[in-house]
Amino acid sequence: MTIFAGAALLCGCVRQPPHRPPPPPAAPAHLHGTYRGGVYASSEGGFSVPRPVSVDINGRILADSPDGVIFVDNWGSRITFKGEAILEHSPMMAMLESQGKEKAMTEYAHRAFGEMITAHYHADVRDGTLSFIYLQPASPKTGVAMFVHGKRLFVAETETLPGVELLAQSDEQSQLGREASLEASAVALAQTMQTP
């Protein structure tokens, strides 16, 4: 072996066939719900939803529970869908019946996500959808949208991609624009949920 050939091997300059690992499964081995043809259906959450992440960037189901599912991809997307029953004699059901969806969902959001959120009600989306930005310490911002259908509350959540805050301008106007876009994404995701 010549000195140049040995140096080329050490530097990794010799062309070798690319190693392509097998694609990861689109869903974990055990699911509570079902996943067929790119559509996830929850076992107890009362909804189905098309896959919101691309398989080209390893979009997949990270985990699910009887009433919800989390999708992720290699670009850092994390999208969650949930459906939960509203109990017959609960404060939420009483408020829905006496004060309407906007008041009931706003009260629920403040209890579940904290008083710091600023909720926006969209009367024309799914017969009433509430959206807001939620921020936990040391976590990315999350856009949340929720709506009531029948006796169930449905929620869609999406997080900012890692690095977006670092790459984006830091002035207040840019910040408000990114938050509005994130909140609009959550509302759009909520509209993809199919309910019986």
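Hi everyone, let's start with one residue: phenylalanine 113 is buried, with a relative accessible area of 17%. Under 20% counts as buried, so that value puts Phe113 in the buried group. Please keep in mind that what we are looking at is a predicted model.

Where does this residue sit, and what is around it? Let's look at its ring partners. The structure holds five aromatic pairs. In one of them, the ring centres of phenylalanine 113 and phenylalanine 132 are 5.1 Å apart and the planes meet at 65 degrees, so we call the pair edge-to-face. The cut-off for that label is an angle over 60 degrees. Phenylalanine 113 belongs to helix α3 and phenylalanine 132 to strand β8, so this pair ties together parts that are 19 residues apart in sequence. Like phenylalanine 113, phenylalanine 132 is buried.

Phenylalanine 113 also forms an aromatic pair with tyrosine 134, again edge-to-face, with 5.0 Å from centre to centre and 75 degrees between the planes. This pair links distant parts of the chain as well: phenylalanine 113 is in helix α3, tyrosine 134 is in strand β8, and they are 21 residues apart. Tyrosine 134 is buried too, with a relative accessible area of 18%. Put together, ring pairs link Phe113, Phe132 and Tyr134 into a cluster.

Now let's step back to the whole chain. It has five helices and ten strands. Of its 196 residues, 38% count as buried. If you take the contacts between residues at least 6 apart in sequence, 46% of them join residues at least 24 apart.

Next, the sheet. Seven strands make an open sheet, in the order β4-β5-β6-β10-β9-β8-β7, and the pairing is antiparallel. Which strands stand at the edges? They are β4, residues 60-65, and β7, residues 120-122; each has a single partner strand, so one side of each is left without a neighbour in the sheet. On average, neighbouring strands of this sheet are turned by 15 degrees against each other, direction ignored.

And here our helix comes back. Helix α3, residues 101-113, packs on the sheet and touches β6, β7, β8, β9 and β10. The direction of α3 makes about 135 degrees with that of β9.

Let's walk through a few of the strand pairs. β7 and β8 pair in the antiparallel sense over three bridges, and histidine 122 has threonine 129 in β8 as its bridge partner. These two strands form a hairpin with six residues between them, and arginine 126 in the turn has a positive phi of about 55 degrees.

Moving along, β8 and β9 pair over six bridges, also in the antiparallel sense. Here leucine 130 stands opposite methionine 146 in β9. Then β9, residues 142-149, pairs with β10, residues 152-159, over eight antiparallel bridges. In that pairing, phenylalanine 147 has phenylalanine 154 in β10 as its bridge partner.

I'd like to stay with β8 for a moment. How many of its six residues are buried? The count is six of six, so to speak a full house, and the strand is mostly covered. In a regular strand, the side chains alternate between the two faces of the sheet. In β8, Thr129, Ser131 and Ile133 lie on one side, Leu130, Phe132 and Tyr134 lie on the other, and all are buried, which leaves both faces covered.

On to the largest pocket. It holds about 270 Å³ of space. The pocket is lined by 14 residues, and Met116, Ile117, Thr118, Ile133 and Glu179 lie nearest its centre. β8 and α5, residues 172-191, each supply at least two residues of the lining. Which element gives the most to it? That is α5, with four residues.

Finally, a contrast to where we began. Leucine 87 lies in the loop between β6 and α2. Is leucine 87 buried or exposed? It is exposed, with a relative accessible area of 61%. The C-alpha atoms of leucine 87 and lysine 151 are separated by 7.7 Å, although the two residues are 64 apart along the chain.

To finish, try finding the cluster of Phe113, Phe132 and Tyr134 in the structure yourselves. Thanks for listening!

Key. Residues are numbered from 1 along each chain as its sequence is written. This is a predicted model: local features need pLDDT of at least 70, side-chain atom pairs count only at pLDDT 80 or more; totals for chains, interfaces and linings use all residues. Side-chain values use heavy atoms; hydrogens and water are left out. Two strands pair if DSSP finds at least two bridges between them. Axes are lines fitted to C-alpha atoms, for helices over the stretch in contact, and angles run from 0 to 180 degrees between N-to-C directions. Contact means heavy atoms within 4.5 Å. Buried means under 20% relative accessible area, exposed over 50%, partly exposed in between (1.4 Å probe, protein chains only). Rings of Phe, Tyr and Trp (its six-membered ring) pair if their centres lie within 6.5 Å; planes under 30 degrees apart count as stacked, over 60 as edge-to-face and the rest as tilted. On a 1 Å grid over the protein atoms alone, a cavity is a set of points where a 1.4 Å probe fits but cannot get out, and a pocket is an open set with protein on both sides within 12 Å along at least five of seven lines; lining residues have an atom within 4 Å of a point. Grid points are joined across faces, edges and corners, and a volume is the space filled by probe spheres set on the points.
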